[in-house]
Amino acid sequence: ASAGGGGMAGGCRLLLLGLLAGLGRAAAPPGGMLYPRDTPSRERKELGGLWSFRADFSPGRDAGFAQRWYRRPLRQTGPVIDMPVPSSFNDITQDPSLENYVGWVWYEKEVLLPLRWLQDNLNTRVVLRFGSAHYYSIVWVNGVQVVEHEGGHLPFEADISSIVQGSPGIPCRITVVLNNTLTPHTLPPGSIQYMNDKTRYPKNYFVQNIRFDFFNYAGIHRPVVLYTTPSVYIDDITVTTTSSESVAMVQYQVSVVGSTLYSLSLSLRDQEGKVVATGDGPAGELKVLNPNLWWPYLMHENPGYRYSLEVKMQAQVNGALLEDVYTLPVGIRTVHVTSTQFLINGRPFYFHGVNKHEDADIRGKGLDWPLVVKDFNLLRWLGANSFRTSHYPYAEEIMDLCDAYGIVVIDECPGVGIKMPESFGNKSLQHHLVVMEELIRRDKNRPSVVMWSVANEPASELPPAAYYFKTVIAHTKALDPSRPVTFVTDANYALDRGAPYVDVICVNSYFSWYHDPGHLEVIPLQLTTQFENWYKTYQKPIIQSEYGADSVPGLHSDPPLMFSEEYQKAMLREYHSIFDKKRKEYVIGELIWNFADFMTNQGTTRVLGNKKGIFTRQRQPKSAAFVLRERYWKIANESSCLPPIIKSHSLFL
């Protein structure tokens with residue numbers, strides 16, 4: 001697949017590829033990445049809304065740097081347009097050159113800060129935080145560079161106190177430049193291909209090649225916030241839990257930055273506000289009697305139960321008492337994998353869920369609350385208890401709702417499209433390790449996250465894949481020993497060089513679609529053979545992590561023909577017949593591809609995107625949605641101990 005772009009001078013090759021290659025970090029920035037919350041000691045100011053925007057259409061895409069657009073208001077550099085944040089920029093205008101733009105784009109926002117943030121400049125930190133921006137970001141505040149970040153799906157931040165304090169009443173000008181170019185060493189990888197045949201292409205014409213099947217949306221995709229902390233502050237909290245029937249232990253570690261002289265006190269409260277355990281010091285264990293465990297949706301009448309861990313820090317600084325308070329939601333649950341089962345709180349868990357995308361009309365990958373809530377209501381209507389964050393980490397706001405609703409998550413990094421041999425080299429590997437560090441730092445405390453996925457459909461049959469995935473998985477386990485690790489494969493079981501290192505086998509297959517298209521009758525034999533070969537080889541539980549068929553809504557055919565709603569239903573039923581046999585043995589889950597139709601690059605097999613959704617891109621059900629709903633509720637009713645009223649197909653979700 002490729003996204004086109006033209007009129008690009010040769011010097012741009014050096015700028016785009018050289019700059020991206022040279023700026024990557026060898027290690028994740030130190031410290032925590034706690035989600036910004038309002039507390040008695042912290043304030044937030046959200047910067048969503050309209051930002052000034054300008055794409056650099058200069059021949060080398062380098063005018064913004066050459067002319068230092070960050071040194072003055074963006075409107076003074078040339079024409080700007082309004083751009084909503086959060087959103088992708090691609091679908092906002094009628095300009096086709098912006099739809100498929102590759103290169104640097106510039107954003108700017110001017111904001112006045114509260115006076116109280118600026119006066120106590122010795123004891124107050126002001127931090128600028130981005131939930132995500134795709135792909136490579138450089139940020140200036142009042143013309144001073146404050147942070148760079150590589151990667152499109154994880155948060156980054158900068159302490160801007162020294163820049164903004166001492167200038168009360170003067171607008172704070174935030175300038176962001178993003179580059180969406182993907183190279184063999186980015187995650188996901190890609191490549192720039194110059195078309196040198198001057199009889200067929202304009203001068204310096206190029207395409208962005210990618211090896212994944214979704215549109216490479218770009219922009220500031222998640223919330224931008226300013227927040228404050230005291231100058232001595234709680235920087236990070238790590239929580240793990242163990243439990244038995246009558247007692248749970250909550251292990252904690254707290255890091256404080258700004259002083260070595262401080263005290264810490266912790267209180268764990270239940271949902272009624274009652275304190276159930278207390279502790280002090282930077283590390284310890286809280287004992288909870290008769291705990292309310294965090295259970296997945298449809299496994300318990302009260303799923304997603306979370307306690308609140310209030311951490312309070314006090315420190316003396318220059319004769320003044322500083323106090324910082326942070327409250328972290330905590331779910332008490334355990335995860336364990338055997339050779340045939342996936343256990344949550346000691347009980348077998350069967351993944352009956354979906355794969356998703358952050359994707360919708362107009363907004364692209366931008367966080368949109370109405371869409372997020374609609375999606376969760378559809379998930380619960382469907383009877384889905386889980387999803388994989390295919391193929392990148394999702395917004396923290398989405399993950400919060402997974403925690404709250406009991407939706408189990410396989411948390412996947414952006415390791416999709418790792419196909420080229422050069423993407424398995426040391427440079428790519430080092431960046432992949434950093435991405436896993438950033439992902440685990442962000443999501444380590446989430447009860448909904450039960451497994452990490454380090455890649456989707458890599459070329460894991462290549463010789464360098466063995467060392468590559470052995471290293472990535474070992475690093476991930478060292479960072480978080482409490483969760484199993486997987487990657488999602490479509491390789492032959494006998495040739496996959498990464499599978500020996502995973503805890504759970506996740507397999508994608510599209511029998512009667514990409515293989516033997518139109519032949520539904522081959523599914524039972526081929527799917528049975530797939531499962532038996534994988535299990536015989538590895539003796540590990542298996543998830544069917546993708547399966548499905550495209551269907552154009554409203555297209556009908558009987559007997560079923562490809563792309564009709566009937567064919568999509570028939571394929572699902574053929575797969576389900578084998579799932580029902582093998583889930584009695586070692587198959588522990590099934591995740592449909594896909595929850596909803598989504599945008600892709602243009603191609604002869606993609607009619608306005610990928611149509612494998614059981615819902616349309618506008619979140620309306622196709623016939624397959626009702627097949628899946630009936631199945632998922634049936635599985636839930638068979639395996640749960642819920643009261644009949646909970647078991648019923650609720651129409652009110």
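Just after α7, Gly406 takes a positive phi of about 80°. Let us start from that glycine and work through some exercises together.

This is a predicted model, in which local features need pLDDT of at least 70, side-chain atom pairs count only at pLDDT 80 or more, and totals for chains, interfaces and linings use all residues. Residues are numbered from 1 along each chain as its sequence is written, and side-chain values use heavy atoms, with hydrogens and water left out.

**Exercise 1. Find out how helix α7 is covered and what it packs against.**

Step 1. Helices (H or I, at least four residues) and strands (E, at least two) are DSSP runs, numbered from the N terminus. Helix α7 covers residues 396–405.

Step 2. Buried means under 20% relative accessible area, exposed over 50%, and partly exposed in between (1.4 Å probe, protein chains only). By that rule 8 of the 10 residues of α7 are buried, so the helix is mostly covered. The buried ones are Glu396, Glu397, Ile398, Met399, Asp400, Leu401, Cys402 and Asp403.

Step 3. Contact means heavy atoms within 4.5 Å. The buried residues of α7 pack against α6, α8 and the strands β6 (124–130), β25 (386–388), β26 (408–412) and β27 (449–456).

Step 4. Look at α6 (residues 369–382) more closely: it packs with α7 at an angle of about 30°, with the axes 11 Å apart. Axes are lines fitted to C-alpha atoms, for helices over the stretch in contact, and angles run from 0 to 180 degrees between N-to-C directions. Trp369, Val372, Phe376 and Arg380 of α6 make the contact with Glu397, Ile398, Leu401, Cys402 and Tyr405 of α7.

Step 5. Another neighbour, α8 (residues 426–443), has 14 of its 18 residues buried. From first C-alpha to last, α8 reaches 26 Å, close to the expected 26 Å (1.5 Å times one less than its number of residues).

**Exercise 2. Describe how α11 packs with α12 and with α10.**

Step 1. The axes of α11 (residues 565–582) and α12 (residues 623–639) come within 8 Å and cross at roughly 20°. Angles under 35 degrees count as roughly parallel, over 145 as roughly antiparallel, 65 to 115 as roughly perpendicular and the rest as oblique. The pair α11 and α12 is therefore roughly parallel.

Step 2. On the α11 side, the residues that meet α12 include Leu572, His576 and Phe579. Among their partners in α12 are Val627, Leu628 and Arg631.

Step 3. Helix α10 (residues 523–538) packs with α11 at about 40°, with the axes 9 Å apart. These two helices are therefore oblique to each other. Ile523, Pro524, Leu527, Thr528, Phe531 and Glu532 of α10 make the contact with Met571, Glu574, Tyr575, Ile578, Phe579 and Lys582 of α11.

**Exercise 3. Work out the order of the open sheet of 3 strands, and then describe the β16 and β17 hairpin.**

Step 1. The order is β14-β15-β18, with antiparallel pairing. Two strands pair if DSSP finds at least two bridges between them.

Step 2. β14 (233–243) and β18 (283–289) each have a single partner strand and stand at the edges, so one side of each is left without a neighbour in the sheet. From one strand to the next, the twist averages 25°.

Step 3. β14 and β15 (residues 247–257) pair over 10 bridges, and Thr242 stands opposite Met249 in β15.

Step 4. In the hairpin, β16 (residues 263–269) and β17 (residues 275–280) pair in the antiparallel sense over 5 bridges. Leu268 stands opposite Ala277 in β17. There are 5 residues between the strands, and Gly273 in the turn has a positive phi of about 90°.

**Exercise 4. Locate the unusual backbone spots and say whether Arg61 is buried or exposed.**

Step 1. Most residues other than glycine have a negative phi, and most peptide bonds are trans.

Step 2. The peptide bond from His134 to Tyr135 is cis, with omega near 5°, and Tyr135 sits in the loop between β6 and β7 (136–141). Asp558 and Pro559 are also joined by a cis bond, with omega about 5°; Pro559 lies in the loop between β30 (542–546) and α11.

Step 3. Arg61 has a positive phi near 55° and is placed in the loop between β3 (49–55) and α2 (63–66). At 5% relative accessibility, Arg61 counts as buried.

Step 4. Arg68 has a positive phi of about 55° and is found in the loop between α2 and β4 (81–85). At 45% relative accessibility, Arg68 counts as partly exposed.
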